[in-house]
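Please open the model in your viewer and keep the sequence panel beside it, since each stop on this tour begins with something to select.

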Amino acid sequence: MKEKAQILDKEGIRRSLTRIAHEIIERNKGIENLALIGIRRRGAPLAERLAERIKEIEGCTTPVGILDITLYRDDLTTLAHHPLVRSTEIPFPVSGKKVILVDDVIYTGRTIRAALDAIIDLGRPKVIQLAVLVDRGHRELPIRSDYIGKNVPTSSKESVLVRLTEIDGEDRVIIFEPHG
């Protein structure tokens with residue numbers, strides 16, 4: 001794979017998250033009863049960053065949880081003989097909450113379907129909304145994002161890589177394409 005283009009840099013990611021935070025507050029008429037849940041790996045730091053932006057805007061904290069969806073994936077048997085399961089850390093009841101599910105990239109929709117199943121197993125939220133940094137299209141399930149940092153039309157052969165300082169030591173979003 002070779003790098004084709006950088007579609008977001010550090011500042012672009014910051015601006016996208018700030019806009020998403022404002023849209024979340026506006027659509028939900030404030031932050032009352034709101035909670036953010038990031039899908040482990042890169043959705044988790046994005047949820048934390050969104051919570052920081054919301055606090056800067058509203059002056060109040062919003063609870064943040066981390067969701068591991070490994071056991072809910074429909075491709076679990078193809079991942080590995082013994083998949084690595086990390087912990088789900090949701091320090092609040094989801095029942096009755098307005099949950100904002102956060103992930104880095106939405107592609108086929110299968111990761112989000114697994115996350116919805118995992119959240120519903122924890123309780124019955126009032127509503128679940130989806131915030132993603134990048135929507136690259138190619139849905140296989142009828143799932144859509146409520147909040148999108150950037151729409152990036154891609155070919156199914158391309159890959160979108162989100163790199164975040166908390167995990168990768170840098171902030172940027174890159175499109176890769178196959179060689180040749």
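Begin by selecting threonine 70 and aspartate 68 and showing their side chains, which make a polar contact with each other at 3.1 Å. The coordinates in front of you are a predicted model, and every distance on this tour is to be read in that light. Threonine 70 belongs to the loop that runs between β3 (64–67) and α3 (76–79). Is threonine 70 buried or exposed? With a relative accessible area of 11%, threonine 70 counts as buried, because the cut-off for that class is under 20%.

Next, select aspartate 146, which you will find in the loop between β5 (127–135) and β6 (147–151). Aspartate 146 is also in the buried class, with a relative accessible area of 18%. Show its surroundings, leaving out the neighbours within four places in sequence, and you will see aspartate 146 in contact with Arg27, Ile128, Gln129 and Leu130. Two of these partners deserve a distance label. The side chain of aspartate 146 makes a polar contact with the side chain of arginine 27 at 3.3 Å, and a polar atom of the aspartate 146 side chain lies 2.7 Å from the backbone nitrogen of leucine 130. If you then add isoleucine 120 to the selection, 26 residues away along the chain, the C-alpha atoms of isoleucine 120 and aspartate 146 are found to be separated by 18 Å.

Stay in the loop between β5 and β6 and select histidine 138. Although histidine 138 is not a glycine, its phi is positive, at about 70 degrees. Histidine 138 is partly exposed, with a relative accessibility of 34%. Now move to asparagine 33, in the loop between α1 and β2 (34–39), where phi is again positive in a residue other than glycine, with a value near 65 degrees. Asparagine 33 counts as partly exposed, at 34% relative accessibility.

From that loop, turn to the helices and select α1 (residues 10–27) together with α2 (residues 43–58), whose axes come within 9 Å and cross at roughly 60 degrees. The crossing of α1 past α2 is right-handed. To see what forms the contact, show the side chains on both helices: α1 contributes Ile13, Arg14, Leu17, Thr18, Ile20, Ala21, His22, Ile24 and Ile25, while α2 contributes Leu46, Arg49, Leu50, Arg53, Ile54, Ile57 and Glu58. Colouring these residues by type gives ten nonpolar, two polar and four charged residues in the contact of α1 with α2.

Then select isoleucine 174, in strand β8 (residues 172–177). At 2% relative accessibility, isoleucine 174 is buried. Which residues does isoleucine 174 touch, once its neighbours within four places in sequence are left aside? The contacts are with Glu3, Ala5, Gln6, Ser159, Val160, Leu161 and Arg163. For one of these, arginine 163, you may also label the C-alpha to C-alpha distance to isoleucine 174, which is 8.2 Å across a sequence separation of eleven residues.

Finish by selecting residues 99–111, where an unreviewed UniProt entry places the short sequence motif "PRPP-binding". In the model, residues 99–111 are 15% helix and 62% strand, and the C-alpha atoms at the two ends of the span lie 16 Å apart.

Note on methods: Residues are numbered from 1 along each chain as its sequence is written. This is a predicted model: local features need pLDDT of at least 70, side-chain atom pairs count only at pLDDT 80 or more; totals for chains, interfaces and linings use all residues. Side-chain values use heavy atoms; hydrogens and water are left out. Axes are lines fitted to C-alpha atoms, for helices over the stretch in contact, and angles run from 0 to 180 degrees between N-to-C directions. Helices (H or I, at least four residues) and strands (E, at least two) are DSSP runs, numbered from the N terminus. A crossing is left-handed if the near helix is turned anticlockwise from the far one by less than a right angle, and right-handed if clockwise. Contact means heavy atoms within 4.5 Å. Ala, Val, Leu, Ile, Met, Phe, Trp, Tyr, Cys and Pro count as nonpolar, Asp, Glu, Lys and Arg as charged, and the others, Gly among them, as polar. UniProt positions are given in the numbering used here, feature names are shortened, and annotations may be inferred rather than shown by experiment. Buried means under 20% relative accessible area, exposed over 50%, partly exposed in between (1.4 Å probe, protein chains only). A polar contact is a pair of N or O atoms within 3.5 Å; within protein, one must be able to donate a hydrogen and the other to accept it, and residues adjacent in sequence count only if both atoms are side-chain atoms.
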